[in-house]
Amino acid sequence: MASDIVVDHRDKALALLKADADKIMKLIKVQMDNLTMPQCPLYEEVLDTQMFGLSREIDFAVRLGLIEQLEGKALLDSLERELSALHDAFTTK
């Protein structure tokens with residue numbers, strides 16, 4: 001019974017973190033779709049803030065033992081790759 005609860009909490013924690021990562025991914029995709037717009041410092045600030053917040057959420061979940069550190073790192077790495085692609089798209093345009 002207790003192990004079922006732990007697994008359920010882990011599943012919920014990972015689902016919530018993935019949902020937050022998806023929100024950030026959508027912000028990145030919107031910016032990539034509108035590359036004709038000049039680079040917006042406010043938009044960059046929002047993305048930086050969102051990424052920092054997600055990293056803190058992931059750290060908290062790892063410290064609680066709700067997710068593995070590698071799972072959290074994988075979430076952040078995928079978002080960082082998208083941000084890098086966005087940056088490259090701006091610099092090469």
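Accessible areas are obtained by the Shrake-Rupley method with a 1.4 Å probe. The exercises below concern a predicted model.

**Exercise 1. Surface and burial**

Determine the accessible surface of the chain, the share of it that belongs to carbon and sulfur atoms, and the percentage of residues that count as buried.

Solution.
- Step 1: The accessible surface of the chain amounts to about 6,500 Å².
- Step 2: Carbon and sulfur atoms hold 60% of that surface.
- Step 3: A residue is buried when its relative accessible area is under 20%; 25% of the 93 residues of the chain meet this criterion.

**Exercise 2. Elements and core**

Establish the order of the elements along the chain, and identify which of them gives the most residues to the largest nonpolar core.

Solution.
- Step 1: The chain contains three helices and zero strands, in the order α-α-α from the N terminus.
- Step 2: The largest nonpolar core comprises 18 residues. Those with the most contacts inside this core are L17, I24, L54, I58, I67 and L79.
- Step 3: At least two residues of this core come from each of α1 (2–33), α2 (41–64) and α3 (69–92).
- Step 4: The greatest contribution to the core is that of α1, with seven residues.
- Step 5: Take I58 as an example. Apart from neighbours within four places in sequence, I58 contacts L17, I67, G72, L75 and L76.
- Step 6: For the chain, among contacts with a separation of 6 or more, 71% join residues 24 or more positions apart.

**Exercise 3. Salt bridges**

Describe the pairs D8 and K12, D20 and K23, and K29 and E82 by distance, position and exposure.

Solution.
- Step 1: The structure has six salt bridges. Side chains of opposite charge can pair when their charged atoms come close.
- Step 2: D8 and K12 form a salt bridge with an N to O distance of 3.4 Å. These two residues are four apart in helix α1, and therefore about one helical turn separates them. D8 is partly exposed at 34% relative accessibility, and K12 is partly exposed at 47%.
- Step 3: D20 and K23 form a salt bridge at 4.0 Å, N to O. Both lie in helix α1, three residues apart, or about one turn. D20 is partly exposed at 22%, whereas K23 is exposed at 55%.
- Step 4: K29 and E82 form a salt bridge at 3.3 Å, N to O. Because K29 belongs to helix α1 and E82 to helix α3, the pair ties together parts 53 residues apart in sequence. K29 is partly exposed at 38%, as is E82 at 21%.
- Step 5: In addition, a network of salt bridges links R56, D59 and R63.

Note on methods: Residues are numbered from 1 along each chain as its sequence is written. This is a predicted model: local features need pLDDT of at least 70, side-chain atom pairs count only at pLDDT 80 or more; totals for chains, interfaces and linings use all residues. Side-chain values use heavy atoms; hydrogens and water are left out. A nonpolar core is a set of buried Ala, Val, Leu, Ile, Met, Phe, Trp, Tyr and Cys residues joined through side-chain atoms within 4.5 Å. Buried means under 20% relative accessible area, exposed over 50%, partly exposed in between (1.4 Å probe, protein chains only). Contact means heavy atoms within 4.5 Å. A salt bridge is a side-chain nitrogen of Lys or Arg within 4 Å of a carboxyl oxygen of Asp or Glu.
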